[in-house]
Amino acid sequence: MKTISFIKLFFISFSAFILLNCTATSQTANSAEKTLFVGSETKDCTGVMPMKCLQVRENAADSWGNFYSNIEGFTYEPGFEYELKVKTEKIANPPMDGSSIKYILVKQVSKVKK
């Protein structure tokens, strides 16, 4: 009897361990960290409707491009250029008119008056 109880306990513990590791791995696979440079002014752009877009680039040598999403935890102030570390996460079921990537501020590396 004790052997059967031990085997059941081992099997349950092992199953829980496997499930927890699978969950952690899938979350890691769906997220990444990157650097974004944010320009000192916004530009008119059209997403679902006319709006103002941040000007963003991933490398200092790249040209500025419209950024149609928002960055959770980041408050933009016109007249400043920013270097940000952000975490990106894939959105499982994005809305038809929305981004499939969620951006979350990890760290504001710099904020320079322009």
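Contact here means heavy atoms within 4.5 Å. On that basis, take the contacts between residues at least 6 apart in sequence: 51% of them join residues at least 24 apart. This is a predicted model, with 1 helix and 7 strands. Starting at the N terminus, the order is α-β-β-β-β-β-β-β, so to speak a helix and then strands. Here's a tour by topic.

**How far to trust it**

- The average pLDDT for the protein is 82, and 75% of the residues score at least 70.
- Residues 3–28 are the stretch to watch, with pLDDT below 50. Apart from near neighbours in sequence, that stretch makes 0 contacts in the model.

**Surface and burial overall**

- The protein has 114 residues, and 20% of them are buried.
- About 8400 Å² is exposed, with carbon and sulfur atoms supplying 59% of that area.

**How the strands pair up**

- Strand 6 (80–90) pairs with strand 1 through 8 bridges, and the two run antiparallel. One spot to look at is V38, which sits opposite Y82 of strand 6.
- Strand 6 also pairs with strand 7 (residues 101–113), again antiparallel, through 11 bridges. Look for E89 here, whose bridge partner in strand 7 is K102.
- Strand 2 (residues 43–46) and strand 3 are antiparallel too, with 4 bridges between them. A hairpin of 3 residues links these two strands, and T46 has P50 of strand 3 as its bridge partner.

**The nonpolar core**

- The largest nonpolar core is made of 12 residues: L36, V38, L54, V56, F67, I71, F74, F80, Y82, L84, V86 and Y103.
- Strand 1 (31–38), strand 3 (50–57) and strand 6 each put in at least two of those residues. Strand 6 gives the largest share, with 4.
- As a general backdrop, nonpolar side chains in soluble globular proteins tend to be buried together.
- F74 is a core member worth clicking on. Leaving out residues up to four places away in sequence, F74 touches L54, Y82, L84, L105 and Q108.
- V38 and Y82 turn up twice in this tour: both belong to the core, and they also stand opposite each other, with Y82 in strand 6.

**The disulfide**

- Searching the whole structure turns up 1 disulfide. The pair is C45 and C53, with an S to S distance of 1.8 Å.
- The torsion about the S-S bond of C45 and C53 is about 80°, so this disulfide is right-handed.
- Both cysteines are tucked away from the surface by the numbers: C45 has a relative accessible area of 7% and is buried, and C53 is buried at 0%.
- By numbering, C45 falls within strand 2 (residues 43–46), while C53 falls within strand 3 (50–57).

**Three residues to compare**

- T88 belongs to strand 6. Buried means under 20% relative accessible area, so T88, at 10%, counts as buried.
- Not counting residues up to four places away in sequence, T88 touches N30, S31, A32, K34, I101, K102 and Y103. Among these, I101, K102 and Y103 carry numbers that fall in strand 7 (residues 101–113).
- A32 is in strand 1 and is partly exposed, with a relative accessibility of 39%.
- Beyond its neighbours within four places in sequence, A32 contacts V86, K87 and T88. The C-alpha atoms of A32 and K87 are 5.5 Å apart, although 55 residues separate the two along the chain.
- T75 sits in the loop between strand 5 (71–72) and strand 6. Exposed means over 50% relative accessible area, so T75, at 68%, counts as exposed.
- From T75 to L105 the C-alpha separation is 9.8 Å, and the two are 30 residues apart along the chain. L105 is also one of the residues that F74 touches.

Terms used:
Residues numbered from 1 in each chain as written. Heavy atoms only, no water. Core = buried A, V, L, I, M, F, W, Y, C linked by side-chain atoms within 4.5 Å. Buried < 20%, exposed > 50% of the residue type's maximum accessible area, 1.4 Å probe, protein only. Areas by Shrake-Rupley, 256 points an atom, 1.4 Å probe, with all protein chains shown as cover. Disulfide = S-S within 2.5 Å. pLDDT = per-residue confidence, 0-100. Pairing = 2+ DSSP bridges.
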